[in-house]
Structures are given as C-alpha cells and as structure tokens.
Number of protein chains: 2
Amino acid sequence: MDNKLKPTESELKILKILWEKGESTVREVHNTISQHKTSGYTTTLKLMQIMLEKGLVGRNKKTKSHVYFPILKEKETQKYLINKLVNSAFSGSTSKLVLQALGNTKTSAKEIEEIREFLDSLENTNDY
Amino acid sequence: MDNKLKPTESELKILKILWEKGESTVREVHNTISQHKTSGYTTTLKLMQIMLEKGLVGRNKKTKSHVYFPILKEKETQKYLINKLVNSAFSGSTSKLVLQALGNTKTSAKEIEEIREFLDSLENTNDY
DNA sequence: AATACCATACGAAACCATTCGTAACATAAA
DNA sequence: TTTATGTTACGAATGGTTTCGTATGGTATT
C-alpha cells in the first residue's frame, strides 16, 4: 500500500463512517462523530478537506453541499494496519498476533467455529 | 491499561529492543536502531529520558553509564495495541481481525495447528 | 594533572495532527 | 431584496513527537 495512503487516527474515524454509511456530507459525518466526541464542525470539515488533498477521499458537488466518498478501501486499510502492528509489536509473526488476540477477549463458540473453518480452507489452498 | 502507558511509535521501537535484548545502555539501543534508521545518538538518548519520565522504562547507574530496562510489559502492550486496532478498524470484533490477519499472509501448517489447539483450549474453558 | 573520549542534561527547532475562528459564499425564507 | 441559515476555504493557534546542537560532567589514558 502506498505510504501516502496511511490514515491518521482521526482520518480513520472518518473513513470508518464513510465505509459504513456510504457517501456522506460533512454535516452527516460530523453528526456521527459528535455522538462520541465533542469538536467543532469546522474541525471535521478541515480534516475531510485534508483527506481530499491526500487522496483518501473524493467528493462530488451537490446542490446544497459536497458529498464525500472513500477512496481508500476498507480491506486494504485493515491489511495495512495489521501489517504495521505485526511488524511493530509481534516481530513479524502473524500467528503470534492471532494467538494473543484470541486470548484477550471472550470468543463465542460461533466465532471459534468460523475461525476453524477458515483454517481448514487455508490448509486446502496452501498445502506445504 | 493506564493511558499514561501508551507508547508512541518511537517509544515502541525502543521498548521492543529492551524486551528482546534485556536491559541495555542508550548506546546499545542506539546501535540497534541505527541498523534500520539514521538519527543521532542524542535523539535516542532524549527519547529514553522522556520514557523514563513517563515511567515506561527504569534505569540503574552503572560505572560508565545508565542501564535502562522496560517497565511496560510486552504482553500488556500487545493487548493494548490489539484492542486499539480492533476498536478503531474492526468495529470491536476480534474474530474479524483474526480472520483478516490469517488471510493476509501465508500461515504455515505448524502455525495453523497451534491456533487450532488454542481454539480447543478456549472452548474447554468458556463453554457457553 | 592535562587531554581525549564518552555520557548526560536540556533547550529549542522542526514537524505533524488537531482544533478553531473568521471571512466569503450560497441557498432558502421572510 | 433583505435576512437568516448553512457551507466552504483558509490562516493560525495548540499540543505532542521527534530531532539535534551545545554545555556540562565523568572516566580513562597519557
């Protein structure tokens, strides 16, 4: 992934909203953010303008206002972030991360089953 | 985990060295860092002094120089970082993170087996 | 003791992300 | 058209991390 596309924490919050809700105005994004955090409207606006400059999002002019949409893709970003974490704190070992993550929180039987199935599918594709 | 104990990226690099190599002088830490990055000795020194103030590391006076050791524990930090990532990019779902992580990189048969065993042990302890 | 060498302390610059105030502009209501 | 409301652009302040230069102090070598 392009280093230019590395989002900051605030940018990630905004991207998350755009991924979940689809294209949105600054007002809509700000309303969502306001539920968890108190900061001004122009702060959100400025952040989204910066994200536009960086190419993290795009926008279209609608009659009343601009409508923003994510350019950076969710899966790519997740992959980038996992990679960063694995390298910075788990000596590059993904399985160490996985074991630690599973140990941290209660994992439901259904989730465990899902993971088992995924492990099965992994074994079938990379047999070595 | 105490918010005071949240390391920055540079601090994490230093902690990683202290975890791996055990207690070390600034010189030793700096030599290790220099292999991957070019920055001055006093930069490393300053960072470690700040980490001392924050309580991330401790130090003992040896004849020639100070010897630093980690106070922040590796597992705790990993747990904190995973939690942060799960919340900021995986809607709080650990299993989503795990699935994505496993999909990102080739996982060896041995690692898969380890994870399976861990899943087994989880099922035995939290049966619900 | 004088010199050279290394470590420490610390202020300050540079950098970056976040925050907001204010001005300019557009749209809708009176 | 005037007023009110909402949107955008943008400069600048704030706060935190990283970087380094320089002064100071200690240890060891001559």
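This is a short conversation about how to read a predicted model with two protein chains and two DNA strands.

Colleague: Let's begin with the two protein chains. How are two copies of a chain related?

Modeller: In general, you describe the relation as a rotation about an axis plus a shift along it. Here, chain A superposes on chain B after a rotation of 179° with 0.0 Å of shift along the axis, and the RMSD is 0.2 Å. The two copies are thus related as by a two-fold rotation axis.

Colleague: Which residue of chain A comes closest to the rotation axis?

Modeller: That's A:Val98, with its C-alpha at 2.8 Å from the axis.

Colleague: And through which surface do the copies meet?

Modeller: 100% of the interface residues of chain A are also interface residues in chain B, so the copies meet through the same surface.

Colleague: On to the DNA. Which residues are closest to DNA strand D?

Modeller: Strand D is surrounded by 24 residues, and the closest are A:Arg27, A:His66, B:Thr8, B:Ser10 and B:Gly40. Of the strand D atoms that come within 4 Å of the protein, sugar and phosphate account for 64%.

Colleague: What do the phosphate contacts of strand D look like in detail?

Modeller: Look at both side chains and backbone. The side chain of B:Thr8 puts an N or O atom 2.7 Å from a phosphate oxygen of strand D. For the side chain of A:Arg59, the corresponding distance to a phosphate oxygen is 3.0 Å. B:Gly40 does it with its backbone, where an N or O atom lies 2.6 Å from a phosphate oxygen of strand D. As for elements, those giving two or more residues to this surface are helix H2 (26-34) and helix H3 (41-54) of chain A, along with helix H1 (9-21) and helix H3 (41-54) of chain B.

Colleague: Which element gives the most to the surface near strand D?

Modeller: H3(B) does, with 6 residues. If you sort that surface by class, you get 5 nonpolar, 11 polar and 8 charged residues.

Colleague: Now the other strand. How many residues surround DNA strand C?

Modeller: There are 23, and the closest are A:Thr8, A:Ser10, A:Gly40, B:Arg27 and B:His66. Among the strand C atoms within 4 Å of the protein, 63% belong to sugar or phosphate, and the rest belong to bases.

Colleague: Where should I look for contacts to the phosphate oxygens of strand C?

Modeller: Try A:Thr8, whose side chain has an N or O atom 2.7 Å from a phosphate oxygen of strand C. On chain B, a polar side-chain atom of B:Gln49 lies 3.1 Å from a phosphate oxygen of strand C. Then there's B:His66, which brings a polar backbone atom to 2.7 Å from one. H1 and H3 of chain A, plus helix H2 (26-34) and H3 of chain B, each supply at least two residues of the surface near strand C. By class, that surface has 5 nonpolar, 11 polar and 7 charged residues.

Colleague: Last topic: empty space. How is it found?

Modeller: The idea is to roll a probe the size of a water molecule over the atoms, which shows where empty space is left. In this model, the largest pocket has a volume of about 530 Å³. Its lining has 18 residues, with A:Glu9, A:Lys84, B:Glu9, B:Leu81 and B:Lys84 nearest the centre. Helices H1 (9-21) and H4 (74-89) of chain A, and H1 and helix H4 (74-89) of chain B, each supply at least two lining residues. The lining splits into 8 nonpolar, 4 polar and 6 charged residues.

Colleague: How many cavities of 30 Å³ or more are there?

Modeller: A search of the whole structure finds 1. The largest cavity has a volume of about 40 Å³, and A:Asn104, A:Thr105, B:Ile82, B:Asn83, B:Val86 and B:Thr94 line it. H4(B) gives the most to that lining, with 3 residues. By class, the cavity lining has 2 nonpolar, 4 polar and no charged residues.

Definitions and conventions: Residues are numbered from 1 along each chain as its sequence is written. Chains are lettered from A and ligands numbered from 1 in the order in which they are written. This is a predicted model: local features need pLDDT of at least 70, side-chain atom pairs count only at pLDDT 80 or more; totals for chains, interfaces and linings use all residues. Side-chain values use heavy atoms; hydrogens and water are left out. A residue is near a molecule or strand if one of its heavy atoms lies within 4 Å of it. A polar contact is a pair of N or O atoms within 3.5 Å; within protein, one must be able to donate a hydrogen and the other to accept it, and residues adjacent in sequence count only if both atoms are side-chain atoms. Helices (H or I, at least four residues) and strands (E, at least two) are DSSP runs, numbered from the N terminus. Ala, Val, Leu, Ile, Met, Phe, Trp, Tyr, Cys and Pro count as nonpolar, Asp, Glu, Lys and Arg as charged, and the others, Gly among them, as polar. On a 1 Å grid over the protein atoms alone, a cavity is a set of points where a 1.4 Å probe fits but cannot get out, and a pocket is an open set with protein on both sides within 12 Å along at least five of seven lines; lining residues have an atom within 4 Å of a point. Grid points are joined across faces, edges and corners, and a volume is the space filled by probe spheres set on the points. Copies are superposed by least squares on the C-alpha atoms of residues with pLDDT of at least 70 in both. Contact means heavy atoms within 4.5 Å.
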